[in-house]
Each structure stands twice: as C-alpha cells, then as structure tokens.
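Let's walk through one corner of this fold together, beginning with a single pair of residues and working outward.

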Amino acid sequence: MKATRVSNRKKRTLLKEKASLKTPPKVKRKNNFPVKKNKTQNFKKAAGIGITKTSKISDDEQFLDNGQEADGALSDVEKVDIEKKTRLSHTQKIHNKFEYTRGDVGEVFGETWKEIVIGPETDLLRPVGINLNELPQKVYPNLKVELDGIQLLPIEAGSLYLPYQKEPYIVTIGPEDEEPVILPQYQSFPIHNRSPSRTGYILNSGGSIWCIQWCPSIKSPDQQYLAVAGFKGTTQEHHPIGECQTTELENAIQIWRIDCRQYENDVAPPKLDLVICHEFGCAFDMKWCPYGAYDQIDLIENGNFFSRLGLLAGSFGDGTIRFFSVPHPESIRQHFKMKNTIQEPLFIKFKKPLFTFSISDTLCWTLSWGGHTKFSSGCTNGNVAIWNLESIIAEWEINGGIMSQDALYPASYVAAHNSCVRDLSWNSIKDPTHIMTCSHDGRLQIFDYRDPWIKHVFQRIRSFLVSFCWASNYGGVAFTDSENSVRYLRMDDPKKTTGIVLHRGYVWGTSCSFYHPFIATCSTDGTVKITNICRLRDRRQRPLQVIVYRLTWNKAKMQFRLWENIKAEETLFPTITYENMPTPSFAPEEALQRVAWCPNECAGVWLASGGAAGLLRIDCTDRRLKDE
C-alpha cells in the first residue's frame with residue numbers, strides 16, 4: 001500500500017507540471033506571495049488594490065485581470081493613498097445610492113437635520129416618505145355613531161370603570177431640594193413651572209399604561225387628543241401571555257385633550273375629556289385609523305350622527321379586537337346640552353362596537369393599520385391575521401350593519417413565528433404590501449401579504465424581540481435587542497446594524513415620525529431617549545442620545561423624582577465580558593413601557609410616554625425656541 005501511495009503522488013505531480021506548461025506562470029508581488037483569485041481577488045478589487053498607475057479614481061475605474069500589475073508598478077506609499085481614496089469613493093457611491101432611494105416617494109430629510117442633536121425643530125417639520133395630500137381626506141363616512149348608539153353614564157357609575165383609587169403621587173421635579181408636587185389621579189401639572197428650560201406636563205392616569213396613541217389628522221395644535229389605556233392596576237397587576245381574561249373585565253379608555261401651542265398666554269392645561277367605558281378587560285394594544293377619520297367640525301351632522309373624532313381599534317384581555325367610531329366630545333356636549341360642564345370628563349359606553357374580530361384558540365395581541373383598507377394583528381400563538389376592511393365594511397353597509405361571523409374571519413392567517421408576536425407594522429400607509437414582525441422567538445422578519453409563506457429574516461437573536469419602529473421614510477428599521485440597546489438596520493444592507501441608543505434596562509418601546517428623523521425609546525430604567533438617525537450618514541460621527549427625562553422612585557420617602565436637563569452623550573457600546581457584565585435592578589414603579597410621537601405636523605415635536613406607575617409625560621422636544 002505504501003508503494004501505491006507514492007506512485008499516485010508522483011502521478012499527480014506529473015499532471016500538475018503538464019498543466020503548468022499550458023497556462024502562463026502567476027505573477028508574484030514584491031513580497032513573493034502569489035496573488036490569489038476568487039474571493040480574495042474580488043475583495044482586493046473592491047478595495048482598490050491592483051490599480052494601474054494610469055487608472056482614474058472615478059466611475060470608470062479599471063482593474064487588471066487576474067490581479068496582475070502592469071509595468072511601472074506603484075510604490076507602497078502610492079498604493080496606500082490610492083486605496084484610501086478608492087474606499088472613500090466606494091463608500092460615497094453606496095451612500096448616495098442609499099440616500100436617494102429611501103422612502104415611498106424618493107424623498108429624504110435635508111442635510112440641515114444632520115447637525116441637529118438636542119431635538120427636532122418645528123420650523124423644519126415636513127412629511128417625508130409619504131405624500132399626505134394623495135391620501136383620502138375622508139374614509140368610511142358611514143361609520144359614525146348614531147345619537148342613540150351610546151349611553152351617557154353619570155360620574156359615579158363611570159368612575160367604576162377607571163383604574164383603582166390610589167393616594168395622590170408625590171413628585172419632585174428637578175433638583176432634590178425643590179418643593180414636591182402633589183399629583184392626584186386624572187390631574188396634571190406643568191413641567192415648565194419647575195424647570196423653565198422645558199415645556200411639558202406630567203399626568204396621573206391611575207393605571208399601568210400599555211397603550212398611548214395620538215389622534216391623527218388634527219390640524220389645530222390646541223385641540224390634540226391622546227388615547228391612553230392599559231391595566232386597571234399598576235405594578236401589582238400581571239396577565240400571562242395567551243391567557244384569556246375572564247374576571248374583572250370593567251376597564252376604560254381615557255381620551256385626554258392636550259393644548260400643544262408653545263409660549264402662548266392662554267394655553268390650557270391637559271384634561272381628561274372623554275372616558276370610554278367597556279367590559280372587555282385590560283387593553284394590550286390600541287391604534288387609530290391613520291388618516292381620513294377625523295371630522296373637522298364638532299357639531300352634530302344631519303341631526304342623526306355624532307361628529308367623529310376617529311376610528312379606534314383595540315385588542316383586549318378577552319382576546320378580541322373591537323372597533324369604535326369615537327364621537328367628538330364637543331359633539332356629545334352639544335347633543336346633551338352640557339356646555340356648562342366642559343371641565344368635567346364625559347363617561348360614555350357603546351351599546352355595541354362596530355366590529356368584533358376574534359380567533360379561536362389564541363388571543364389577538366398587537367395591531368397595525370395598513371392604510372385604511374387593511375388591518376393586521378399579531379397573535380399569542382405566533383400567527384398573523386390579516387383582514388380586508390374594504391370588503392368587510394362594504395358588506396356591512398349592504399346588510400345594514402348586520403354581519404355574520406364568517407364574514408369577519410381574516411382573509412389571511414399566516415404562521416409567522418414560533419412564539420407570540422410582540423410587534424408588527426406595515427411598510428406604508430399608502431398601498432401597503434409588506435408586513436414586518438418581531439417575536440419572542442428572537443426573529444425580526446418581513447413578508448409580502450400576497451405571498452405570505454415566503455419570509456425574509458433580517459435578525460435572529462437568542463432572546464426576546466419586543467419592539468421595533470419601521471422608519472419607512474428613512475429606508476431602515478430600529479429594533480430593540482437583548483443588550484438593553486436599540487439598533488438601526490438599513491434595508492439596503494440588512495447584514496449590518498448600528499447601535500444608536502443604549503439603556504441600562506430592558507427597552508420596551510420605540511417610536512418614529514414622518515416629519516423628523518428622531519427616534520424615541522423608553523426603558524425599565526425610567527428614561528426616555530431620542531436620537532437623530534441622520535447622523536448615521538457620516539460614518540465619522542457617532543450617534544448621540546439625548547435623555548428627555550429620567551424617572552426614579554424613592555421607596556423610603558414614597559415619592560417620585562423627575563430628572564431634567566441631563567447632558568447628551570455619545571452612544572458607546574462597551575465590550576461586555578463575564579467579569580464586567582452589569583446586573584442593574586430598578587424599581588417596578590420606574591418602568592416606562594410606551595412612547596409615541598404626535599403624528600400631526602402642527603404638533604410633530606410633542607412626545608408622549610408612560611409606564612407601570614400610571615404617570616404620563618407630555619414633552620415638547622423643540623428646546624431651541626425655549627433657549628432663545
């Protein structure tokens with residue numbers, strides 16, 4: 001056997017020698033190492049190595065075949081210089097291509113935004129990535145509440161649906177030596193009374209906040225409305241995933257009226273304007289129809305219907321999704337002749353919702369509107385349900401408001417994940433086609449609803465993925481990960497992510513806007529942070545994170561403290577090892593769970609956030625005018 005092996009080795013040697021006579025010998029570099037082909041050769045071509053002396057660093061770059069050099073090779077110093085220029089040129093080409101293909105209509109934020117750090121500026125707000133004038137200004141005009149479609153409850157009866165009664169919170173705003181503020185339930189206090197450099201309010205909603213949604217399509221800054229919902233309790237109330245709630249179903253959706261005018265003498269404080277009482281359990285998610293559902297007038301139309309504030313969909317503890325046509329509070333007051341009680345909240349109860357969606361053996365959990373024509377929900381079993389609202393509402397109008405259960409079944413029911421779907425979003429509010437989802441199985445993926453069985457996984461981590469915001473007007477997505485941070489993924493380069501925000505606790509919520517490039521995040525460490533993703537255009541700049549505020553809880557004194565005017569800092573990600581791995585612990589009362597930018601251009605710099613203790617914060621992030 002040994003002789004046979006030697007013979008075979010000799011044969012292979014002779015074959016190699018014959019083959020070498022047919023092809024020219026390889027050209028060696030000065031270091032006497034042969035130039036390799038395939039992947040190494042392609043990498044060197046992309047990096048600019050092996051360019052002839054007469055080549056130009058431009059769009060018509062020419063590389064020698066097989067990595068060979070021509071006569072008159074460049075010196076090592078010239079090679080390094082050309083390589084750097086080529087890399088910069090290659091990077092600039094990718095950047096330009098990425099910059100002009102973002103969004104739905106080929107728009108990007110201007111270069112002015114790149115230098116703005118502390119917060120968005122009101123003067124620069126404009127819709128980017130979507131042409132709002134092309135969207136329908138009035139959708140589903142027949143979906144309105146009749147005058148006898150609601151029941152007006154007295155304050156004593158309606159208060160039973162609100163969160164449990166608690167002692168007023170004691171809150172210190174700013175330095176520790178400031179006089180504390182006594183904040184009862186459903187009352188507010190202006191932040192700028194204690195911190196002159198800020199404009200905002202602190203509200204006490206009473207219960208753990210899991211849903212914060214601004215009412216869209218409102219063009220008057222002094223009449224902004226904010227829907228708030230969640231649990232009836234605070235840190236003591238918990239609901240296991242996938243378990244249907246069967247007891248204590250009385251709950252409420254709070255509609256707060258916010259005056260978002262800046263530096264006016266007659267600015268009204270926030271007030272609880274409308275309370276929607278229901279018996280569907282706690283609220284897991286809640287979304288307004290993104291456009292066309294708000295009536296500009298606040299009068300009764302044709303004497304038969306209330307003026308509409310918007311179309312609101314919510315997922316509740318009993319596993320269902322309910323749709324409401326929310327009447328305008330001023331329209332209710334006019335009908336019931338309650339102009340003298342404008343300072344008191346209205347308690348209403350719908351006799352029946354518009355539609356009720358439900359799926360057997362699972363709970364509908366997270367929600368997303370695909371414009372006004374499509375609607376989707378992520379379920380606790382990992383599936384995604386998609387409804388065609390146009391066809392459902394058309395049948396509802398034909399049948400006079402009577403719908404069969406089969407007509408309300410989803411048009412598509414996709415097995416998307418192996419665990420519960422924590423968040424989902426459509427790619428656009430105009431002609432949406434793709435849905436992005438994240439789940440407890442650690443996957444962030446996207447699929448086309450027309451062919452939902454083919455999915456593309458962008459990220460896969462060995463932990464829970466609970467939130468993301470799809471900045472479709474910027475060509476990327478910001479998502480939370482297991483290291484208490486938020487990372488940004490460009491859609492044109494999905495293999496690379498950039499860390500933009502770092503918290504000390506688990507990140508619960510993210511939010512982005514159509515009007516500015518700032519992404520907002522909130523965490524269990526009690527902080528709300530914003531960062532400008534336009535700074536990612538320049539690779540030499542590191543992302544900067546601005547802390548809007550920080551909430552802490554002093555158990556010994558039984559009071560909260562709001563830290564203001566915290567200095568902005570660079571987003572630095574230290575190398576985590578087993579020895580220096582942090583294990584921070586925060587009080588449950590400090591956890592902030594939801595954050596939301598206002599979707600209306602007239603108030604696009606206003607940010608709402610809330611958490612487990614029931615404290616709701618409303619901030620104007622345009623500090624430029626305040627500094628001036």
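Leu-367 sits opposite Ser-377 of β16. The model is predicted, with local features needing pLDDT of at least 70, side-chain atom pairs counting only at pLDDT 80 or more, and totals for chains, interfaces and linings using all residues. Residues are numbered from 1 along each chain as its sequence is written, and side-chain values use heavy atoms, leaving out hydrogens and water.

β15 and β16 are joined by 6 bridges in the antiparallel sense; strands pair if DSSP finds at least two bridges between them. Helices (H or I, at least four residues) and strands (E, at least two) are DSSP runs, numbered from the N terminus. Step back, and an open antiparallel sheet of 4 strands appears, ordered β15-β16-β17-β18. Its edges are β15 and β18 (412–415), each pairing on one side only. From one strand to the next, the twist averages 20 degrees.

Now for the helix. α6 lies across β15, β16 and β17, at about 50 degrees to β17; such angles run from 0 to 180 degrees between N-to-C directions of lines fitted to C-alpha atoms, for helices over the stretch in contact (heavy atoms within 4.5 Å). In α6 (residues 389–398), Leu-389, Ile-392, Ile-393 and Trp-396 are buried, meaning under 20% relative accessible area with a 1.4 Å probe, protein chains only. Viewed down the axis, the buried residues of α6 fall within an arc of 90 degrees, so they line one face of the helix; the arc is taken from the directions from the axis to the C-beta atoms. Their cover includes β12 (321–327) and β14 (355–357). Just after α6, Gly-400 adopts a positive phi of about 70 degrees.

Technical notes. Buried means under 20% relative accessible area, exposed over 50%, partly exposed in between (1.4 Å probe, protein chains only).
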